[in-house]
Structures are given as C-alpha cells and as structure tokens.
Amino acid sequence: MRMNVFVIAALAFVSLVSVIDGSEHQPQLSEFVNDALFSSVSSKQPSQPQPLMVPITVINGAAAKGAVCLDGTSPAYHFHPGSGSGANSWLIHLEGGGWCNTIRNCVFRKTTRRGSFKFMEKTLPFTGILSNKPEENPDFFNWNRVKIRYCDGASFAGDSQNEANQLQFRGQKIWLAAIEELMSKGMQKANQALLSGCSAGGLASIIHCDEFGSMFPKSTKVKCLSDAGFFLDAVDVSGGHTLRNMFGGVVTLQVVSRIVSKNLDIIFVDLLDLISILKCFFPQNLIQHVQTPLFLLNAAYDAWQVQESLAPHSADPSGSWNDCKANHARCNSSQIQFFQDFRNQMLNDVKDFSRSSPTGLFINSCFAHCQSERQDTWFADDSPLINDMPVAIAVGDWFFDRKTIKAIDCAYPCDTTCHNLVFNVARSTVVDSQYISESDDTSTTTTMIYSSQSSRLTFPALYLLSALFPTSMFLLHLRVEVLSRFFSHST
C-alpha cells in the first residue's frame, strides 16, 4: 500500500508554502487541524476502507469528584464495544501529548485539546492497536477498546491546583473517574485486560500499571504496554539535562511524586530534594518496582527525545544539529555516535528489567515515536520488523503467553524495515511536541511525517500528520481542498 505521488507532491507544496508564509501571523489552535487522518490509496487498487470513527463520551459526574481538565471542564474518552470472543476483554489506551511544567505554559495548555474538553476532537479514528479490523489488529480487534483523553499535563499523575491562575492539576482523579465509569460499563467482569499508552500516555501506563492490576480479581489476566514512554534522564548535546529540568517543573507543580510513590509503593528518601523527587517520573527508576507484567515498546532512537530532550534549541542555539534532527540521514559520524550512546544507555537501563520472565521488550533501531497507534508501524504489509516479527505480533504473542518476547534490534543502520520520522520545523502554538519556554509565547514544534528506510511513504489508515503546520486559514483550506478532491477523484 503506497500513498499516491500526487498526494505527496500536494502535501510538499502546501508545506513549502506554509514555511514561506512565515511565523509572524500564526493562528490559534482552533484554526488548524490536528491529527489529520487519511487512508492509503493505491494507484492500482480501489481506496482502502476508512478507519472506524469513534465519538467522544464525557465521564459522568467527574466534575463532582474533582476529576477535571486543566481548565475545569470534564474529562472524556472514546469507547468502542467488544464482540464475540472479545466481549469480555478490555484494552484501555491512555492518550499522550507532552506535559506542562510552568504556570505559564499550563495556562496556555488549557486553551488547547490537551487541557480542555472544549477543544477536543469529538470523534477520533481508531487505528493500530485500536482498530476493529482483524487484518489490521489481529489480537485485539474485537475487544472493548477505549482511548482516554489526556487533559491534565502530567501523565494522569498530578493532584493539586493553582487557584490564582484557575488551573486544576487532577490527572490522578481523571484516571480514577475514567476507570470507575468503565468498570460500571462491564470492565469489572473482564477476563483479560491490557492497559496501554503512547508517549506521555506510555509513561502513564507504567505509573498506573499496578494500580490498574489491583482493580481486578486475581483470575483476570492483566498486563500493561508502554509505547514510546521510556523517557531517559540523558545528557543533551550541550552536556546539560533538558528533560530533567522540564520534568522537575512538572513533578513539583503538580505534586506528582506523592501519587507515584503511592501507586508503585516506592519510598523516595528525601522528598525535599529535587533529584530524589525526579526519580519518580523517569521510567528507568520505576520499571523494577512494577509487579504487573509490563511490555516496553520503544524506538532506540526515539524521535521525540531526539527533538526535545537530546538536541533541543536551548541546547543547540547555533542550530548545528538542525539538519540531523530533521532527517537522520543527514547526521555526521559524531552525531550518530551520540545517538548510539543514547541507545546504549536505554539498553543498559532495561537490562535488569528484561531478565524477569513476565516482561516484554520490542526495541527497534528506528527514529520513530508511538508505533502502536499508527497502522503502518503496528501491523501492515511493510511494518517495521525485528527477526521478521512486526510490533502487533510481538505484543500479542507476549500478552497471550505464546512466546517470550525480548526483541532488541541491532544498532543503526542495520534495520531496513524502519518507518522513520522526517521533520519539518515550524513556529507553532501546538503543545504536543514541546512545552513553552519562559522567554517566548510560542513553542518550536514539528510536523512529523513517517517514511520508510527507502523513502517510501506508506499510510494504511493512519495519522498522516500529527500536527499540521500552523498557517493562515487560506492555507489550511487549501490543504483540505487539495486532499478532498484527490480522494474524491480516487474513489
């Protein structure tokens, strides 16, 4: 399945015009489309089936329990019921989308879909691990599948507030309110359940894994999957600790350490020491404490961490890493070695974890992020492989105990099956990729486009762009018009 060259050319043209349009007059979040979904189209075959679109559901009575988004609106989820053999099986997927680490950027975040129900999409496509098609999701297609929306800014783990700025940090309460409602809808009778999440949601699936498992009787098979949630406390290109500093703001602002300590039964020796507190938000310090079987799905060269943790603008003001960050094929030998050192740190941090028999690993040597939500990276005709095994089969074999899965790829550039992210950088108000700096009202974010190692673009029912370039409304409508005319013509 391949995207028609016309679509690629159209997107390239519009993106180019977007860059030329500049950053002086950027629209607000409500003026551009996020997470645009397009089906793959073959020039030789009819258009592929559209993905399942699932409406949003507000959590009943959440506000009365104090379970609210940053702006005080009610949290929500998307639910598609199971059927047949999956009628008593539940998959709960926690949405990702970065964090907010200061009052200033939390105030901004509450004007977006990551902080307010008002701005959330009212329907979402269920693809990848959430797909209802057996050919796209062989093991979980007929389960009860739920995507819990992320609107607290701290991986569903905070519990505090800031009255002066009308901010509610209620991630833990949102999590509990959502699970309580789903239990009332039949999840309490589940014979098997999987908690998954992507990015900030992948971190949340680690934090809440044991808490999730404790909600079911021992007879229920319960496991957890963290996709792109293994954020490392790594040194950036300037020798600093960008992510540590950012996480420090999240943890202290939203009182995360108290929640994590309780959920995973960890005692942090000195709760007045920031370094000690920060241990509660880095997975490398948490995974040994998780008792419920846990699977780590991660790219060894995680694209988000490359962009925002290893070589952010703050650590590379001269822009010497810009070409390498945008496309790994442009990296020089010393930059590649820097990434190899990052991979080695990741492998070292999961070494003890991998020795436990119930755990699972799929660490491929791709420049990617969030591979379970996207159809092309989860399960498609040219999905990424380790030992001829795609992600979906690895996760399914692990969950159902068909095989022991400890899949670790060889180092870059040996894997030719990767779907790597290629970036275009733009000034934007999107919060998904980065927090706002204290000296700027906008954040540098990226349009992420997956391509395979051979530069082919393959998009079978997946998110084509996770955040379109913010441009004038004219350019936005041009994108929509070009694509809609193409797909109308194709069918």
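This text leads from one helix to the nonpolar cores and then to a cavity. The model is predicted, so that local features need pLDDT of at least 70 and side-chain atom pairs count only at pLDDT 80 or more, while totals for chains, interfaces and linings use all residues. Residues are numbered from 1 along each chain as its sequence is written, and side-chain values use heavy atoms, with hydrogens and water left out.

Helix α3 covers residues 171-184, where a helix is a DSSP run (H or I, at least four residues) numbered from the N terminus. Its 14 residues, at 1.5 Å a residue, should span 20 Å, which agrees with the 20 Å between its end C-alpha atoms; the expected span is 1.5 Å times one less than the number of residues. Of these 14 residues, 10 are buried, meaning under 20% relative accessible area with a 1.4 Å probe and protein chains only, and among them are Trp175, Ile179 and Leu182. Glycine 186, with a positive phi near 120°, follows α3.

The largest nonpolar core, a set of buried Ala, Val, Leu, Ile, Met, Phe, Trp, Tyr and Cys residues joined through side-chain atoms within 4.5 Å, has 81 residues, of which Ile92, Trp99, Ile148, Phe212 and Phe339 touch the most other members. The largest share of this core, seven residues, comes from α3. Leaving aside neighbours within four places in sequence, Phe212 is in contact (heavy atoms within 4.5 Å) with residues including Trp175, Ile179 and Val222.

Phe339 also helps to line the second largest cavity, together with residues including Ala303, Lys325 and Phe423.

Key
On a 1 Å grid over the protein atoms alone, a cavity is a set of points where a 1.4 Å probe fits but cannot get out, and a pocket is an open set with protein on both sides within 12 Å along at least five of seven lines; lining residues have an atom within 4 Å of a point. Helices (H or I, at least four residues) and strands (E, at least two) are DSSP runs, numbered from the N terminus. Buried means under 20% relative accessible area, exposed over 50%, partly exposed in between (1.4 Å probe, protein chains only).
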